[in-house]
Amino acid sequence: MKKGILITGANGQLGNALRLLSDDFRGFEWHFTDKDELDITNLSDVESYFNKHKIDYIINCAAYTAVDKAESDAQMAELLNAKAVEYLVLASNLQQSRLIHISTDYVFGGTHFLPLTEELPTQPESAYGLSKLNGELFAQKSQRAIIIRTSWLYSEFGHNFVKTIQKYATERGTLNVVFDQVGTPTYASDLAKAIMIIINTIDISTDFNQYGNYHFANEGVASWYDFAVEICKMSDIKADILPVLSDAFPTPAKRPSYSVLDKQKIKTTFGIRIPYWKDSLKLCIEKMSANI
């Protein structure tokens with residue numbers, strides 16, 4: 001019997017990347033769900049779904065990601081980013097399902113200046129970051145959870161920074177982009193591949209016990225300004241990208257000024273090789289251009 005993989009938030013960037021990848025993993029039975037198929041904020045819906053399906057792995061891609069809106073909508077952010085995780089854990093415990101939960105660099109404050117390890121104390125500075133941290137705490141109660149913190153996710157799918165820069169650079173010709181927020185862009189396809197390496201590692205192991213927190217982002221470091229410059233360069237868009245301080249764009253939610261993630265633990269534990277961010281960006285833009 002094939003082992004079942006449940007994907008929540010399947011219409012998002014990572015969910016769609018996993019959907020594309022699923023053709024290469026036909027040994028699993030895939031369950032792609034979004035809110036119309038499974039409302040993970042409703043415990044009875046979650047329990048009913050698990051009663052109908054055998055789920056061996058949950059990849060929780062669902063999230064409330066409107067960072068600024070969360071400041072005035074903290075209750076909804078908490079419901080989707082935290083309470084829903086509790087419901088998934090409660091249901092998964094009945095089937096001893098393994099949970100792979102996607103979290104964020106926003107659980108840290110922006111006061112660090114070296115790559116962030118999994119052991120560093122968390123200090124979210126926004127309602128979004130707090131809701132994601134609370135989701136991590138619920139995920140840890142499963143005792144069979146791997147929590148993957150990632151950053152600056154983009155892809156060919158949905159709305160993201162790459163598409164926004166392409167649109168406005170083309171329309172306006174000049175853009176101001178902050179240079180004092182530093183992290184690493186992460187291609188959703190690379191994260192999806194890493195998740196499947198993790199699942200395969202667990203699946204062939206008879207005594208896997210290295211659950212807990214892991215970090216994944218592409219290799220390298222960039223500011224949002226650096227990211228925007230490369231997007232325009234690789235997209236052949238002639239535009240002036242101007243570096244500005246974050247103060248030029250006051251927002252309801254505070255962003256981390258430094259959120260480069262240390263990936264050594266995930267590379268060592270699972271033997272994952274992570275591409276450099278510019279190489280992955282080039283691949284993504286090529287795919288986007290081919291689909292135009």
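**Talking through the fold**

Trainee: Which residues does A194 touch, not counting residues up to four places away in sequence?

Mentor: A194 touches F216 and I272. Keep in mind that we're looking at a predicted model here.

Trainee: Why is A194 called buried or exposed?

Mentor: Set its value against the cut-off: buried means under 20% relative accessible area. A194 comes in at 1%, so it counts as buried. You'll find A194 in helix α6.

Trainee: What does helix α6 lie across?

Mentor: Helix α6, residues 188–204, lies across β1, β2, β3, β4 and β5, and runs at about 160° to β5. Helix α3, residues 74–95, lies across β1, β3 and β4, at about 175° to β3.

Trainee: What makes the pairing of strands β1 and β3 count?

Mentor: Two strands pair if there are at least two bridges between them. Four bridges join β1 (residues 3–8) to β3 (residues 57–60), and the two run parallel. One of the residues to look at is I7, whose bridge partner in β3 is I59. Both strands belong to an open sheet of six, in the order β2-β1-β3-β4-β5-β10, with parallel pairing.

Trainee: What makes β2 and β10 edge strands?

Mentor: Each of them pairs on one side only. That's β2 at 28–32 and β10 at 212–215. As for twist, neighbouring strands of this sheet are turned by 20° against each other on average, ignoring direction.

Trainee: How do you know that helix α1 is largely enclosed by the rest of the structure?

Mentor: Count the buried residues: seven of the nine in α1 (residues 13–21) are buried, so the rest of the structure largely encloses the helix. They are Q13, L14, G15, N16, A17, L18 and L21. What they pack against is β1, β2, β3, β4, β6 and α6.

Trainee: How do you know that D34 has no salt bridge?

Mentor: Check the distance. A salt bridge needs the charged atoms within 4 Å. For D34, the nearest side chain of opposite charge is K35, and that is 6.0 Å away. D34 is buried all the same.

Trainee: What does the side chain of D34 reach?

Mentor: The backbone nitrogen of A10, at 3.2 Å. The cut-off for a polar contact is 3.5 Å. D34 sits in the loop between β2 and α2. Leaving aside neighbours within four places in sequence, D34 is in contact with G9, A10, N11 and G12.

Trainee: Why does I40 count as buried or exposed?

Mentor: I40 has 4% relative accessibility, so it counts as buried. I40 also lies in the loop between β2 and α2. Beyond its neighbours within four places in sequence, its contacts include T8, V46, N60, A62, L80 and L88. I40 and L88 are 48 residues apart along the chain, with 7.1 Å between their C-alpha atoms.

Trainee: What about W152 and its phi?

Mentor: W152 has a positive phi of about 50° although it is not a glycine. W152 lies in the loop between β5 and β6. At 11% relative accessibility, W152 counts as buried. From A194, it is 42 residues away in sequence and 16 Å away in space, C-alpha to C-alpha.

Trainee: And why does D236 count as buried or exposed?

Mentor: Exposed means over 50%. D236 has 65% relative accessibility, so it counts as exposed. D236 has a positive phi too, about 55°, although it is not a glycine. Look for D236 in the loop between α7 and β12.

Key:
Residues are numbered from 1 along each chain as its sequence is written. This is a predicted model: local features need pLDDT of at least 70, side-chain atom pairs count only at pLDDT 80 or more; totals for chains, interfaces and linings use all residues. Side-chain values use heavy atoms; hydrogens and water are left out. Axes are lines fitted to C-alpha atoms, for helices over the stretch in contact, and angles run from 0 to 180 degrees between N-to-C directions. Contact means heavy atoms within 4.5 Å. Buried means under 20% relative accessible area, exposed over 50%, partly exposed in between (1.4 Å probe, protein chains only). Lys and Arg count as positive and Asp and Glu as negative; His and the chain ends are not counted. A polar contact is a pair of N or O atoms within 3.5 Å; within protein, one must be able to donate a hydrogen and the other to accept it, and residues adjacent in sequence count only if both atoms are side-chain atoms.
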